[in-house]
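Below is a short briefing on one protein model. The structure comes first, followed by notes grouped by topic.

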Amino acid sequence: MDDELVLRSRRVLLPDGERPAAVRIRDGRIAAIAGYHDLPGADLGTLALLPGLVDTHVHVNEPGRTEWEGYRTATRAALAGGITTIVDMPLNSVPPTVTVPALRDKRAAARDRCHVDVGFWGGAVPDHLADLPALAAAGVFGFKAFLVDSGVPEFPPLDPAGLGRALAAVDALFLVHAEDPAELRPAPASARYRDFLDSRPPSAERRAVEAVLAVARRTGGRVHILHLSAADALAPLRAARRDGVRVTAETCPHYLVLDAAEIPDGATEFKCCPPIRDAANRDALWAALADGTVDCVVSDHSPCPPALKQFGGGDFAAAWGGVASLQLGLPLVWTEARRRGHGLADLVRWMARRPAEIAGLPGKGRIEVGADADLVALDPDDVFTVDPARLFHRHPVTPYAGRRLTGVVRATWLGGRPVGPTDPPRGRLLAAGVPR
């Protein structure tokens, strides 16, 4: 490519708002931002120019469970959906990323296969707390822990005391799957979604969030609540923020778009943990996004083979819990956000800037001088129908099949270079504290 590129749009999403602008790119970074008429260059017209989205909650599963997903397929899906950076979870790969050799295995599996930039989380499990400092030094962006069974035996949970020991072991961000096992109920073998939903009540999330916040208060550590689904947990989060506890929180498109009352019996493609709840709960999550109690929206892309999902009318108790939505997050959230009166600046804050800030990716998620030139041209008004055959993740199982969505990605640039999901992979492997 040329060393320099200029992109002009009537709708550029800048840190201080949306306005006409011209963006000069040089050597993979944003070199200047000028008035729309001040620099000649490629004119996007009324297509909105957004920073590439940052998804910090993706289960790629490679190595070890590559038949579930993989770096080629997951990052193609991300790119098609306007995501230019992901951070990969330490499970469900085998081995999980709980030691430095396991991190090397992850990086070797990802090398030359990624269509977007990829970073890695480490894992905090009971037998490997001593490995946390070495993993942090090796470049993971933080550590994930479960307070409840993770679903895979090689990644056991911590109790709150163990989480406290982990926070004391290393100064890093700890991401927590917060459900209290004492509040869960055995799910009966059933095709009824209601039976599954009743087995994971909102109290399980609230109790676990309270426990995580108590540990963070005591230790002064940094914690991040993963995939918040229960509005009951918002009150303790708000109180902790007022008190200066170092806590952030995320939610996911499925909790913002879907309604438990509309999930058909046997439709196990909707199963995830924690579960999709009712419409009033959904409204409360949107309010928490608007007031900043919930910081960001990420996918929790957690696919598996159709047989494990019991796809086609199965048992909710036996089916794997995870929603595959990496490619669709942008239009899912934008369709619902604009209906509720939000603008593209809100979308960028929730899905680009705040995830990058929380993960410690200062060059990502924003259009400003010095940032990586990861950019997306979006038609915010075009409408399409979700066709599973057009999804790039490995298994085209999705709860959104046939849904009409607004917002179509027209072009993407990664490090200033135009890229598409069928182009050769050009993504880089990222390490915490190491400039791109």
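**Helix α11**

The buried residues of α11 (buried: under 20% relative accessible area; exposed: over 50%; partly exposed: in between; 1.4 Å probe, protein chains only) are G329, L330, P331, L332, V333, W334, E336 and A337. The model is predicted, so local features need pLDDT of at least 70 and side-chain atom pairs count only at pLDDT 80 or more, while totals for chains, interfaces and linings use all residues. Residues are numbered from 1 along each chain as its sequence is written, and side-chain values use heavy atoms, with hydrogens and water left out. Helices (H or I, at least four residues) and strands (E, at least two) are DSSP runs, numbered from the N terminus.

- With 8 of its 11 residues buried, α11 is largely enclosed by the rest of the structure.
- G341, just after α11, takes a positive phi of about 90 degrees.

**Helix α9**

- Helix α9 runs over residues 279-291 and has 13 residues. From first C-alpha to last it reaches 19 Å, close to the 18 Å expected at 1.5 Å a residue; the expected span is 1.5 Å times one less than the number of residues.
- N281, R282, L285, W286, A288 and L289 are the buried residues of α9. They lie on the same side of α9, because they cover an arc of only 160 degrees around the axis; the arc is that of the directions from the helix axis to the C-beta atoms.
- An α-helix has 3.6 residues a turn, so residues three or four places apart point the same way.
- Packing partners of the buried residues of α9 (contact: heavy atoms within 4.5 Å) are α7 (234-242), β13 (247-251), α8 (253-257), β14 (296-297), α11 (329-339) and α12 (344-359).
- At the start of α9, the backbone nitrogen of A280 has a side-chain oxygen of D278 within 3.3 Å.
- G292 follows just after α9 and takes a positive phi of about 90 degrees.

**Helix α7**

- L234, P236, L237 and A240 are the buried residues of α7. Their arc around the axis is only 165 degrees, which puts them on the same side of α7.
- These buried residues of α7 pack against α6 (202-219), β12 (222-225), β13 and α9.
- Just after α7, G244 has a positive phi of about 85 degrees.

**Buried polar side chains**

A polar contact is a pair of N or O atoms within 3.5 Å; within protein, one must be able to donate a hydrogen and the other to accept it, and residues adjacent in sequence count only if both atoms are side-chain atoms.

- K364, in the loop between α12 and β15, counts as buried at 5% relative accessibility.
- The side chain of K364 makes a polar contact of 2.6 Å with the side chain of D117 and one of 2.8 Å with the side chain of D374.
- S9 belongs to strand β1 (residues 4-14) and is buried, at 0% relative accessibility.
- A polar atom of the S9 side chain lies 2.9 Å from the backbone nitrogen of R11.
- Beyond its neighbours within four places in sequence, S9 has contacts that include R19, Y36 and L44.

**Pocket and cavities**

On a 1 Å grid over the protein atoms alone, a cavity is a set of points where a 1.4 Å probe fits but cannot get out, and a pocket is an open set with protein on both sides within 12 Å along at least five of seven lines; lining residues have an atom within 4 Å of a point. Grid points are joined across faces, edges and corners, and a volume is the space filled by probe spheres set on the points.

- The largest pocket holds about 490 Å³ of space. Of its 22 lining residues, A80, Q327, R390, V408 and V409 are the closest to its centre.
- β16 gives the most to this lining, with 6 residues.
- There are 3 cavities of 30 Å³ or more, and the largest cavity has a volume of about 70 Å³.
- Residues lining the largest cavity include E269, C304, K309 and H395.

**Backbone features in loops**

- E62 and P63 are joined by a cis peptide bond, with omega about 0 degrees.
- The peptide bond from V94 to P95 is cis, with omega near 5 degrees.
- N61 has a positive phi of about 75 degrees although it is not a glycine, and N61 is buried at 0% relative accessible area.
- D112, also not a glycine, has a positive phi of about 65 degrees and counts as exposed at 65% relative accessibility.
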